[in-house]
Amino acid sequence: MAKLTTTKNFSWDIAISLCKQDIDFAKKLVKAINPSLKVFFYEDRQEELISKSGPVEFAKTFKEESRVVVILSRDEWSNSFYTEIERYAIIDRTAVKNEGYQFLMVIPMVQDEIPPWYPSTQIYANPFRFSIEELAHFIEFKVAEEGGIVKTLTVEDLYQNLIDRIELKKSIINLQQDIAAIH
């Protein structure tokens, strides 16, 4: 099978699919991932999704726009409206688009709970054996393996990332305090 992912431009280096009870874990994971990578984590992208069709945007993100998809998996995953959309997009990508499973990384959030459709021959990332930082490095490796560029960060890059995060927090606080938001 030809590796299509190396020549295609993706909107996201990583898209994370999860159940709501795994949001705190996902926040820590996103924070540990190299900030040069573009991560789609809905909790951080809500302002971009406002006024768009959720089903369309989520399906497109997981089916076409993400170089690597990370599933924080548990038995309930795909039982909610949006994770079901994400699951169908991922399955469509593996089978219909014939991309196989190389773009996919599964992290079971409950010991030994692997999605029934995920092939038993595929290796998953075990959060009970590896730290969040190690899992982030595995994801970064997967991005590089799929043709993405993981930039080595300088002190200046780390400083700029900190400043950018502070500015983002300030803008969110300002939006929340805006008179239009209150009414």
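**Parallel strand pairing around strands 1 and 3**

All 7 of the 7 residues of strand 1 (residues 12–18) are buried (under 20% relative accessible area, with exposed over 50% and partly exposed in between; 1.4 Å probe, protein chains only), so this strand is largely enclosed by the rest of the structure. Helices (H or I, at least four residues) and strands (E, at least two) are DSSP runs, numbered from the N terminus. The model is predicted, with local features requiring pLDDT of at least 70 and side-chain atom pairs counting only at pLDDT 80 or more, whereas totals for chains, interfaces and linings use all residues. Residues are numbered from 1 along each chain as its sequence is written, and side-chain values use heavy atoms, with hydrogens and water left out.

Two strands are taken to pair if DSSP finds at least two bridges between them. Strand 1 is joined to strand 2 (residues 39–40) by 2 bridges, and the two run parallel; Ala15 has Phe40 of strand 2 as its bridge partner. Between these strands the chain passes through helix 1 (residues 23–32) in a right-handed β-α-β crossover (clockwise from the first strand over the helix to the second, with the strands pointing away from the viewer).

Strand 1 also pairs with strand 3 in the parallel sense, over 6 bridges. Within this pairing, Trp12 is partnered by Ser66 and Ile16 by Val70. Strand 3 (residues 66–73) has 8 of its 8 residues buried and is therefore largely enclosed by the rest of the structure.

Strand 3 further pairs with strand 4 (residues 104–108), in the parallel sense over 5 bridges, and Leu72 stands opposite Ile107 in strand 4. The connection from strand 3 to strand 4 runs through helix 4 (residues 81–95), and this β-α-β crossover is right-handed.
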